[in-house]
Amino acid sequence: MLTLALGVAAGGLVVVEANAGAAYDSPYTYEQTFGTALRMVRVDLGMKVTEKDVEHGYILFEYTSPESGKRVSQGSVEIVGGKRGVHVSVQLPAMPQYHEQMILDGLVKKLSTEHGEPPRREAPPAPAPSTDAGADASSG
């Protein structure tokens with residue numbers, strides 16, 4: 001699958017995946033990202049949420065764009081937690097890609113506004129120094 005990097009936004013990489021919507025790697029926690037995405041879709045954008053599942057990480061909604069009149073299309077936000085952050089994907093299959101990117105850009109801004117700087121991730125511990133001198137070590 002072809003993936004193009006568009007730029008860096010709020011410390012995360014904003015990516016557009018061909019035929020798969022727009023995606024963002026959020027440095028915020030899963031809970032912060034999911035809750036903020038849900039509030040943005042429901043309150044800020046005024047969309048009707050048709051289904052949501054916190055455990056499985058998705059929000060389904062009815063999307064109406066200002067330029068399409070009253071035409072409703074189906075949209076989704078997928079949120080997947082991982083070791084290095086949270087991956088967010090927005091899909092509006094019936095709309096041009098810039099609608100997905102607009103929602104994603106709004107989420108990036110809302111996360112920063114509501115939660116400030118993302119939580120710092122602890123660096124993995126350094127490997128313990130080896131006490132074995134190895135086969136090349138001279139005795140003496």
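Here are some notes on this predicted model, going from the whole chain to single residues.

1. **Confidence.** Let's start with how far the coordinates can be trusted. The mean pLDDT of the chain is 81, and 72% of the residues reach 70 or more. Residues 1-19 are a stretch to treat with care, with pLDDT below 50. In the model this stretch still has 41 contacts beyond near neighbours in sequence. Where pLDDT is low, the predicted coordinates should not be read in detail.

2. **Overall layout.** The chain holds two helices and seven strands. Their order along the sequence is β-β-β-α-β-β-β-β-α. Of the 140 residues in the chain, 36% are buried. If you look at contacts with a separation of 6 or more, 47% of them link residues 24 or more positions apart.

3. **The E4-E5 hairpin.** Strand E4 (residues 48-53) pairs with E5 in the antiparallel sense, over five bridges. The two strands form a hairpin with four residues between them. In that turn, Gly57 has a positive phi of about 70 degrees. One bridge to look up on screen is Val49, whose partner in E5 is Phe61.

4. **Two faces of E5.** Which side chains of E5 point to one face and are buried, and which point to the other? Ile59, Phe61 and Tyr63 are on the buried face. Tyr58, Leu60 and Glu62 point to the other face and are not buried. The side chains therefore alternate along the strand, with under 20% relative accessible area as the cut-off for buried.

5. **From E5 to E6.** Strand E5 (residues 58-63) is joined to E6 by six bridges, and the two run antiparallel. Phe61 turns up again here, with Gly75 as its bridge partner in E6. Ile59, another residue of the buried face, stands opposite Val77 in E6. Taken with its E4 partner Val49, Phe61 is a handy residue for tracing this part of the model.

6. **From E6 to E7.** Moving on, seven bridges join E6 to strand E7 (residues 85-91), again in an antiparallel arrangement. These strands form a hairpin too, with two residues between them. Within the pair, Glu78 stands opposite Ser89 in E7.

7. **Two serines in E6.** Ser73 lies in strand E6 (residues 73-82), and Ser76 is found in that strand as well. Are they buried or exposed? Ser73 counts as buried because its relative accessibility is 6%. Ser76 is buried too, at 18% relative accessible area, and the cut-off is under 20%. Leaving aside neighbours within four places in sequence, Ser73 is in contact with Phe61, Glu62, Tyr63, Ala94 and Met95. On the same basis, Ser76 touches Ile59, Leu60 and Phe61, along with Ser89, Val90 and Gln91. Three of the residues named for Ser73, namely Phe61, Glu62 and Tyr63, belong to E5.

8. **Around the E6-E7 turn.** Arg84 sits in the loop between E6 and E7, while Gly85 lies in strand E7. Arg84 is exposed because its relative accessible area is 82%, whereas Gly85 is buried at 13%. Each has a partner far along the sequence to check. The C-alpha atoms of Arg84 and Asp25 are separated by 8.9 Å, with their positions 59 residues apart along the chain. For Gly85 and Pro27, 58 residues apart along the chain, the C-alpha separation is 5.0 Å.

9. **The two helices.** How do H1 and H2 meet? The axes of helix H1 (residues 30-44) and helix H2 (residues 97-115) come within 10 Å and cross at roughly 115 degrees. The crossing is right-handed. On the H1 side, the contact is made by Gln32, Thr33, Thr36, Ala37, Arg39, Met40 and Asp44. On the H2 side, Ile103, Gly106, Leu107, Lys110, Leu111, Glu114 and His115 take part. By class, this contact has five nonpolar, five polar and four charged residues.

How values were computed:
Residues numbered from 1 in each chain as written. Predicted model: local features only at pLDDT ≥ 70, side-chain atom pairs only at ≥ 80, totals over all residues. Heavy atoms only, no water. Axes fitted to C-alpha atoms, helices over the stretch in contact; angles between N-to-C directions. Left-handed = near helix turned anticlockwise from the far one by under 90°. Contact = heavy atoms within 4.5 Å. Nonpolar A, V, L, I, M, F, W, Y, C, P; charged D, E, K, R; others polar. Buried < 20%, exposed > 50% of the residue type's maximum accessible area, 1.4 Å probe, protein only. pLDDT = per-residue confidence, 0-100. Pairing = 2+ DSSP bridges.
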